[in-house]
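Student: Could we go through this model together, beginning with its enclosed spaces and then turning to its core and its strands?

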Amino acid sequence: MKIPVMLNEVLTVLDEDPAVSLLHVLRKNGQLSAKRGCSQGHCGSCTVLIDERAAASCIIPLALVRDATIVTLEHFSKRPEYRLIMDSFSKAGVRLCGYCNAGRILATYSLISAYGRPSRQQVCDMVRHLGCPCTERDSLVQGVMYAAAAFQSDSGRRRGS
Amino acid sequence: MATRRRRTSVGRLVDYASSFFSDFQPEGMLHAVLIRSPISTGRMRSVVHPQLPDGYFLYTARDIPGKKTVSLRGTVIPILAEEEVSYQGEPVGVLVGPDPLLLRRLAGGVVIRFHRMEGDGPSPDAEEAQNVLASRTIAGGGDAEEAELLFAEGDIQVEGRYSSNCCPAHCREAAGGLAVYKDGSLVLYAPVQWFGQVRRFIAEGLGIPPQQVEIRRTLVAGGGWDGSSQWYSAILSAQVAVAAFRCGKPVKLLLDREEQDRYYERPAPVVVNYRSSVDRDGRILAMIAFIVVDAGICNPFVDEVIDRMVVASLGVYSPSIFKVEAYAVRSRKPPASLSLQRMDSQIFFALESHLHEVARQVERMPHHVRLLNHSRDSGIPFRFDFAHLERALASVVERSGFQRKFWSYRLCGDDTRARPLGAVPPLRGIGVSCAFEGSGFLGSARSAADLRMELVLEKDGTVVIHSLPPSPAVGAIWTRIVSQGLDVDESSVRIDSGFARGGEPLRPAVFFGSVGIMVQLLRKCCSAIQRKRFQQALPIRVVRGLTNTQRRQWNQESFSGEPFLSTATGAAVVEVELDPYTYTTIIRGVWVSVEGGEILSVDRATSTIKTAVRESLREFVSLEELDPESISVDLLSAGKGPKQIGGLMHSLLPGALAAAISQAYSMSVESIPLEGGYVYRALCPQEVCPMPMHEEDSE
């Protein structure tokens, strides 16, 4: 079945079995930042942005993303928001293992997009659902809080200019 | 292929890639899936497959050009089962092809025909000698009969049977590898732990010289479970190498999650029976422990695992007289994933739960019973430095308000048990535990002998640490130590993890991961270089390993002495509360105190401990997320040299959490991981919910 999507700002027609996971199709198309972790939607390694919301691509059948806008970490890393998040993580001492980067970074972006300045509790709730044990949770929470502050000051700067 | 080699050097047979092997997709690559035996024992007649499309191939043991089995520490393991299968899921073939989804469908159509054998093979039973893969029995303070006698004559007899079957969080890249065979040489991309064995297995399987096998270790991420990855990954590497050799194209084997769980990371069930006779103060007069591990069909490290369990079986305590029997039994199941680092944590869970039961029966504070039994006397054959344990225990007890809370919750618990469901006030419980973590086990003589560190001061003033790649945190510590020890800038220190022919470590990487021992060796190297620095021309190369005195600390024959090169001790308190809306457990707090020797970086040590606490709690309950809002860490710095502390939380937390849950719900946690809905089952009245509170182990 042919399923059109906007993949990393390029209109792409995915000709695949609609029942296969989005993760499988993305990896087959060279989008390797989404990794296969728990295969149950818990760990966050397979995260992509679907219509600007972080989603676990391992449990989403391809048929459900018809006409959706999908952004993988490869493409997201070219955006200025990526640099803000990575700088904030670095400031908080967050060390990413490489396997779960997509989950950590895109979930952070998604949370900040939804709430602007999320509360610490909201950040803790988000972080709780990222299962990879590579990163110490308190540092990650702090990193997300820094990122939210950085987003706000960045948007303030842009409005000011 | 998009690989960036960290270093390039002619003649190096071990190198490193900056990607995960599952991300490699070279031109013309084929995928592979393993065809597995559907039954646990039988003699194969044939392997029949449907008509395979072009470009798809099935390889069986007959296609292995060289040796069809590999031998590891006396254990012979077939690369692919040839005639007989020994356990359900044993690989009998490798199916390769370009489309991984079609490959899975085709694999489902492969039929293995058997001559069925009588029976279903041996079941785990320690009493059947032929099924025992390894065993160890020790007694102290008297002989085994005296221990039984003293137990029978004790004032108070406490007995408990504890079982555990914990498995790690599954977030990592699944196991496998990518093999490329070209012009008589094979290149393997895989996150291998044991270079020497991988090379040997592949070379023997393909019938080519070991020099023709090049290994590029790919990234490893997502936690430090070292179970099967130490040795079973070498078998997977040999399987994928055979497929690449036969089809002449790059072949990638990547287990799916179900395979990974069932065949690669199958946890090893451990059952421990503790029997103690105690006096009215809670002092243990006699302790008898019986340990049984289901090791699966085989495990090359099983003897060492059993030894380490026996060493852990008395914990930090000293009963007047004791007997410990431990058995690893063979079963018709895949090889169990036995972690050398973590297996003793299952023993600590059993021992600490037993200590709680002792305290409950004699009606004493749990930490008082621990202190009472802590002091070491001459009857114990193992020597440890537990000098700071009392400090650690006092610290967690004080910081958590343990004494006040323990009695309060106990009184509340007595009061609320009579109330009907739905009228329960906040139910809380609190538990304490003590444990140790040893690193550098001297019971495995070869591994201790292999421990070494190499340091080179180059002509240009840079310093090279030649070692297997450490974790980023450990690497930063090493760099700082060398920088301080030789008075050079940190930017001048680098870690070189490439190995030339014949120079690679003979043991798995996990043997070299101990921060404590390797830092000791690194400091010795720095001192040696300092002494030669201005008297000898550069470069200066220094290699340091364990001294004979260190190796003689432990006597494997008499099974006595100092079993570890360094031992960290600690204590933990966990407090829990019932969430009355969801009937799940909330962790109100975790207090940890660790004596970790010299603390080189407080932030990193704290971060390591907090991560390990969360990881350990998640393994405890299979279906629920136990996420403490607050984790309080107290690092007790003592002595020279750092100690390994990462695994200590896995030994401390289960015992403390089990005790807390037991108190909160007036149940007895004797088996971990807890199954979902345990809170409801514990609190629900019998007439509403006639299920048993504890499901009996099915044997």
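Student: Which residues lie nearest the centre of the second largest cavity?

Tutor: This is a predicted model, and it holds six cavities of 30 Å³ or more. The second largest of them contains about 160 Å³ of space and is lined by 17 residues. Those nearest its centre are Cys132(A), Pro133(A), Thr135(A), Arg137(A) and Arg614(B).

Student: Which element gives the most to the lining of that second largest cavity?

Tutor: By class, the lining has six nonpolar, three polar and eight charged residues. At least two lining residues each come from α6 (137-160) of chain A and α15 (602-620) of chain B. With five residues, the element that gives the most is α15(B).

Student: How many residues are in the largest nonpolar core?

Tutor: In soluble globular proteins, nonpolar side chains tend to be buried together. Here a second, separate core, which includes Val71(A), Ala92(A), Ala102(A) and Val141(A), has 29 residues. In the largest core, the residues with the most contacts inside it are Phe382(B), Leu455(B), Met649(B), Ile661(B) and Tyr665(B), and the number of residues in this core is 195.

Student: Which strands are the edge strands of the open sheet of five strands in chain A?

Tutor: The pairing in this sheet is mixed, and the strand order is β2-β1-β5-β3-β4. Within it, β3 (residues 47-50) of chain A runs antiparallel to β4(A), joined by four bridges, and Ile50(A) stands opposite Arg53(A). The strands that pair on one side only, and are therefore the edge strands, are β2 (10-15) and β4 (53-56) of chain A.

Note on methods:
Residues are numbered from 1 along each chain as its sequence is written. Chains are lettered from A and ligands numbered from 1 in the order in which they are written. This is a predicted model: local features need pLDDT of at least 70, side-chain atom pairs count only at pLDDT 80 or more; totals for chains, interfaces and linings use all residues. Side-chain values use heavy atoms; hydrogens and water are left out. On a 1 Å grid over the protein atoms alone, a cavity is a set of points where a 1.4 Å probe fits but cannot get out, and a pocket is an open set with protein on both sides within 12 Å along at least five of seven lines; lining residues have an atom within 4 Å of a point. Grid points are joined across faces, edges and corners, and a volume is the space filled by probe spheres set on the points. Ala, Val, Leu, Ile, Met, Phe, Trp, Tyr, Cys and Pro count as nonpolar, Asp, Glu, Lys and Arg as charged, and the others, Gly among them, as polar. A nonpolar core is a set of buried Ala, Val, Leu, Ile, Met, Phe, Trp, Tyr and Cys residues joined through side-chain atoms within 4.5 Å. Buried means under 20% relative accessible area, exposed over 50%, partly exposed in between (1.4 Å probe, protein chains only). Two strands pair if DSSP finds at least two bridges between them.
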